[in-house]
Protein chains: 2
Amino acid sequence: MPYDKTDELAINTIRTLAVDATFKANSGHPGAPMGMAPVAHVLFNKFMTFNPKNPDWVNRDRFVLSNGHGCMLQYALLHLFGYGVSLDDLKNFRQVDSITPGHPEAHDTPGIEVTTGPLGQGFANAVGLAIAQAHTAAVFNKPGFELINNHTYMFFGDGCAMEGIASEAASTAGHLQLGNLIAVYDDNHISIDGDTKCAFTEDVLKRFEAYGWHTQHVKEGDSDLEGIEAAIAKAKEVTDKPSVIKLTTTIGFGSKLQGTGGVHGNPLKADDVKQVKEKFGFDPEKTFVVPQEVTDMYHKHAAEGAAAEEEWNQLFKKYGQEHKDSHADLARRLTRDLPEGWVDKLPTYKPSDPAIASRKLSESVLEAIHEAVPELLSGSADLTGSNNTRWKNAVDFQPPNLGIGDWSGRYLRYGVREHAMAAIMNGLSAYGTIIPAGGTFLNFVSYASGAVRLSSLSHQRVIYVATHDSIGLGEDGPTHQPIETLAHFRALPNMMVWRPADGNETSAAYYMALTSKQTPSILALTRQNLPQLEGSTLEKGIKGGYVALENKEADITLVATGSEVSLALEAVHTLKNDKNLKARVVSLPCVEVFDAQPKEYQLEVIPDGIPALSIEVMSTMGWEKYSHEQFGLNRFGASGPYKEVYKKFEFTPEGIAKRAALTVDFYKDVKPLRSPLNRAFQQLI
Amino acid sequence: MPYDKTDELAINTIRTLAVDATFKANSGHPGAPMGMAPVAHVLFNKFMTFNPKNPDWVNRDRFVLSNGHGCMLQYALLHLFGYGVSLDDLKNFRQVDSITPGHPEAHDTPGIEVTTGPLGQGFANAVGLAIAQAHTAAVFNKPGFELINNHTYMFFGDGCAMEGIASEAASTAGHLQLGNLIAVYDDNHISIDGDTKCAFTEDVLKRFEAYGWHTQHVKEGDSDLEGIEAAIAKAKEVTDKPSVIKLTTTIGFGSKLQGTGGVHGNPLKADDVKQVKEKFGFDPEKTFVVPQEVTDMYHKHAAEGAAAEEEWNQLFKKYGQEHKDSHADLARRLTRDLPEGWVDKLPTYKPSDPAIASRKLSESVLEAIHEAVPELLSGSADLTGSNNTRWKNAVDFQPPNLGIGDWSGRYLRYGVREHAMAAIMNGLSAYGTIIPAGGTFLNFVSYASGAVRLSSLSHQRVIYVATHDSIGLGEDGPTHQPIETLAHFRALPNMMVWRPADGNETSAAYYMALTSKQTPSILALTRQNLPQLEGSTLEKGIKGGYVALENKEADITLVATGSEVSLALEAVHTLKNDKNLKARVVSLPCVEVFDAQPKEYQLEVIPDGIPALSIEVMSTMGWEKYSHEQFGLNRFGASGPYKEVYKKFEFTPEGIAKRAALTVDFYKDVKPLRSPLNRAFQQLI
């Protein structure tokens, strides 16, 4: 279809909105929106199906702006199509408590699929969204019912192209032959340091070919709307490979500084704003102008999307008549509620049950619940046998032509790509029909920090199965032994960090991880065996902390997590025998969940009047909040059989008893001796 | 030169040593050493020049085993060549306090250049070593004096090839045309999850071609010693590109399980050990056997290396006669001492000096000292103008044919590649002639966590210039505002985290960062302006913490860092006026350095008897160690002008005063009220 003046006007409307919003905020990135307005216009109007009145419709096409600093492009589009983003919201760009923050945030703005800005994340999120589509289609589509057939479109720039996470995700997408994924690479030759030739001279399309992508190049990205349309249409025809279209554009198109770094991350100057508007035929004195014909055009497309959703709703209704169970399953998944009765599948343990490593206990949970919780999709960054993330008889999610799995498979082989794994999981979760769980060693969750942070910020229900959680992994040594890792993630808002001490606590961790719809979890699990505790139950575990051994006459509370809880329980005897001191023991598998309990309960667990000593075989940082003194490891570990390593660092009943006695002595003169949980004021949350 | 039976015997000696060591440890990875023994034998004996008696000789060829889990390969080689690694050390493989830990650690084992194991790190370290060579050669080589001409050789496996950090580093190396870097890709088709076809089906060599590398494939990597030799020789001839040789090998060559995942990460079974030895003509009943002719062969090569070093020493002596200053400079750099008088260049400030953002103060330090400290090599991950890492008139480190810099340039454009930047800096530092400083936003140092951890573990003097350090960055919003970041890196052992409050403290941070030969630093710097403090000096700053405002009758100590110190000083007045309370203020720019001060000094700073309130506009985690109560931000930030954001979260003199008053009230009945620095027992370090 030929393009006319209204198309041109629409494109320039997007551009001037970006110019006005960044100028008004005196902050932001006009360059990318001005350069990418043409492709955005073509993509959204000619290819994408969505209903702005229901941004949650499951079969909508997904759009991800991986170069999230260009978010005024996205906010302008959302406004023009009639999402819940008003002109006033655009005027409040980058202001406190607006829904138009400096980078797109999924949780706050209707129509934003995933949180982007940290470069490369959106790229990998899009791969996750595409995997989720392929999987959900394979599970739910039936003859005559192509319920799920949306595409995922993603824009990325040079910055994303340079980030390792995008490389990992691109390699994964190529391997998985994700034909439903179409990316547009904004080849504008400019990054913050100026011309990309100063650091980035590789052949990007050749690299993507090497990954197994279909590649095209549109050379006149500022003007060749037909060429853009043809390239996207061609990409849609390629169904056995992801597609990338290299689009050569001029950053800040229309500005006096177009094509330079000057227009990347700074608003245009006042005179430049005026000349841009004049150039585009807009009144230079007016701001935030949306011509009626542009609104009409965009609203017409929005209405078509609403109609498409309505048609889909009818189809889904009919589907319900013919495929009752699948209908109920999909409808339920979209509420993010879990199936009735799934909790009964969670394993529970008696003290007489054998000692088992918590990574194995985690495997038992997955084995027990995977049938009851069909949205659970497990995987590992190439540590399947070590993370124990795969249930028996799991089918791999793989392109069927590889002969090693199929699209309905629920086990993802992420390869040695921790960062992409985490961001892909964010995309899987954002799709709405999947709860992803992915494994690596706890130490290497750090490789994924950038994406883990966005799990929290964007409220994704993802589960990090983080095994080999301490010096207890033994021989692999300091390069693999976490010290700072739990402190790091406990300091991250909206993240549950679990370190279960036994089987019941492991089940509790999964219970909370699966039922917390807005919060991701890290499950720190041991390589070594752990005994089943006397005092643990699922119910106690889900409080995040509880008394594992009570003694109303105790001289001290020992507070421990994971593998150190059973050590603390042993230390009680040593303390009694060697020091004639009485101790009680608290297990605190998840401080964030414990923090959410009523204060009264918390003070029963860690009471006033006696000192508390924390015991965790890694950084003590953070434990001052729950204990008066801390026994930990504020240095790197050692390579050796784990019992030897524990002994080297005095993590033995004797080592604990010695420190407990010193603690009791140190606090004997302090009156009143308050529980560390008593604070002078509440934190802002 | 044709290969004979001694070569074969040597290769099989390496293999059987790896088999014996992993069997004895009942732990470790025999597969990679068995597969890569042939290429290692050819590389080390035919190409590499090194002196095992002086592993620090600056012009030695460097070797990096990026697939560090195969470290028995490296330990066996070190032993055979006569480095300080005995047969007993091999027998102590993976034992507590051995010098043969589970993964190679640079700081502990003679001959190990960089710490590897976390996949992809070694790859990027090698790029750093190669950059360092090119730079050092450009600075010091003179006609007739090719002092620095070593090569960097690096082995990597499929795991490294999948990691994003290696992609980033490979793209960088291609851009930089590092002809002195030669990599061998162990194409054995096996990773932990089994056949790489389950997750990794890209065309690796094509990808490296896209990066600008020279590529070759040797198909018979188990046996074709001539082919291996020819490929390495060819790679050395290519001087304008890094080279990668894809070497198809059989993992665990010789084992009954060869070519399978079964031999990747587990020792061979006893019967397999025997049959391997029989197959290779070794006595199956003997262990750790090194035939004399192998020792002779390797020691002969080692002696040639010692002779080469002696020749080089003569050359260097002669160089000293003709190029006295350069000789002195290089000789000094190798001691890691800084030049005399450099400290006098550090800027100092008076309270009347204008308010300046600490990122700009950092720029002033670089401007002031870069001539005096020629080993300082700065750079940024594509945020040069924001990080302020580039001094005026800096020359870029670039291949001269690009026309935008040269090899002697001291400014590195890392591109948007934070993780590779950090690991490249580790390599630069490990080379021995450079102190690297690299910039990104503090929030994105997290992208580099994996490499930052190894800066600490391997004692590299690298400087992370981490700007935009808090919600004070304003409009970019929560995706860019650090909350957990400082807690994370403060929990990391052997890392100095600095958050200077003004100019003198910024100079102090650089002083400590540059003079701490074994410890990396993160400098957290503001985007927004900070006033010059009344009480600050360089001398106080380098103590890590000091009294910024004393009051012997104070009711409370306010402990703050960075941008919050001047706020705390303002709050003193508010407290006096509104609450009639007296406060003293402590600036604590670096807790790690403060921790190293005498206890007496520490207790002068944060004394007994009055409560302390910490103020830092991010996670409170860790501050319990230095204060009784904590005012911080345990949630994500907000997008908006920074003063608005500060106000939203009550980081104002009033917000501080309110909490200070609550703190005073809360502790008024506690006797004795001890400084939080008083502890019941010392931590293990």
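This is a short dialogue on reading features of a predicted two-chain model.

Q: What kind of model is this, and how are residues numbered?
A: This is a predicted model, in which local features need pLDDT of at least 70, side-chain atom pairs count only at pLDDT 80 or more, and totals for chains, interfaces and linings use all residues. Residues are numbered from 1 along each chain as its sequence is written, chains are lettered from A and ligands numbered from 1 in the order in which they are written, and side-chain values use heavy atoms, with hydrogens and water left out.

Q: How are the two copies, chain A and chain B, related?
A: Two copies of a chain are related by a rotation about an axis and a shift along it. Superposition is by least squares on the C-alpha atoms of residues with pLDDT of at least 70 in both copies. Here a turn of 180° with a shift of 0.0 Å along the axis lays chain A on chain B, at an RMSD of 0.0 Å. The two copies are thus related as by a two-fold rotation axis. The same surface serves both: 100% of the contact residues of chain A recur in chain B. Contact means heavy atoms within 4.5 Å.

Q: How do I read a helix pair, and at what angle do α2(B) and α11(B) pack?
A: Start with the elements: helices (H or I, at least four residues) and strands (E, at least two) are DSSP runs, numbered from the N terminus. Axes are lines fitted to C-alpha atoms, for helices over the stretch in contact, and angles run from 0 to 180 degrees between N-to-C directions. Under 35 degrees counts as roughly parallel, over 145 as roughly antiparallel, 65 to 115 as roughly perpendicular and the rest as oblique. Helix α2 (residues 31-47) of chain B packs on helix α11 (residues 292-322) of chain B at about 40°, with axes 9 Å apart. The two are therefore oblique to each other.

Q: Which residues of α2(B) and α11(B) meet?
A: From α2(B) come His41(B), Phe44(B) and Asn45(B); from α11(B) come Met297(B), Tyr298(B) and His301(B). By class, that contact has three nonpolar, three polar and no charged residues. Ala, Val, Leu, Ile, Met, Phe, Trp, Tyr, Cys and Pro count as nonpolar, Asp, Glu, Lys and Arg as charged, and the others, Gly among them, as polar.

Q: Where do the axes of α3(A) and α11(A) lie relative to each other?
A: The axes of α3 (residues 71-81) and α11 (residues 292-322) of chain A come within 8 Å and cross at roughly 80°. That makes α3(A) roughly perpendicular to α11(A). Leu77(A), Leu80(A) and Phe81(A) in α3(A) meet residues of α11(A), including Val294(A) and Tyr298(A). This contact divides into six nonpolar, two polar and no charged residues.

Q: Is strand β3(A) buried or exposed, and what covers its faces?
A: In a regular strand the side chains alternate between the two faces of the sheet. Buried means under 20% relative accessible area, exposed over 50%, partly exposed in between (1.4 Å probe, protein chains only). Seven of the seven residues of β3 (residues 181-187) of chain A are buried, so β3(A) is largely enclosed by the rest of the structure. Leu181(A), Ala183(A), Tyr185(A) and Asp187(A) are buried on one side; Ile182(A), Val184(A) and Asp186(A) are buried on the other.

Q: Which strands pair with β3(A)?
A: Two strands pair if DSSP finds at least two bridges between them. Five bridges join β2 (residues 152-156) of chain A to β3(A), and the two run parallel. Thr152(A) has Leu181(A) as its bridge partner. β7 (residues 243-248) of chain A pairs with β3(A) over six bridges, also in the parallel sense. There Asp187(A) is partnered by Thr248(A).

Q: What is the strand order in the open sheet of chain B?
A: The order is β16-β18-β17-β19-β20, with mixed pairing. β16 (546-549) and β20 (629-631) of chain B stand at the edges, each with a single partner strand, so one side of each lacks a neighbour in the sheet. The twist averages 30° from one strand to the next. β19 (residues 612-615) of chain B and β20(B) pair in the parallel sense over three bridges.

Q: Where is Gly450(A), and what is it in contact with?
A: Gly450(A) is in helix α17 (residues 449-457) of chain A. At 7% relative accessibility, Gly450(A) counts as buried. Leaving aside neighbours within four places in sequence, Gly450(A) is in contact with Gln121(A), His419(A) and Tyr447(B).
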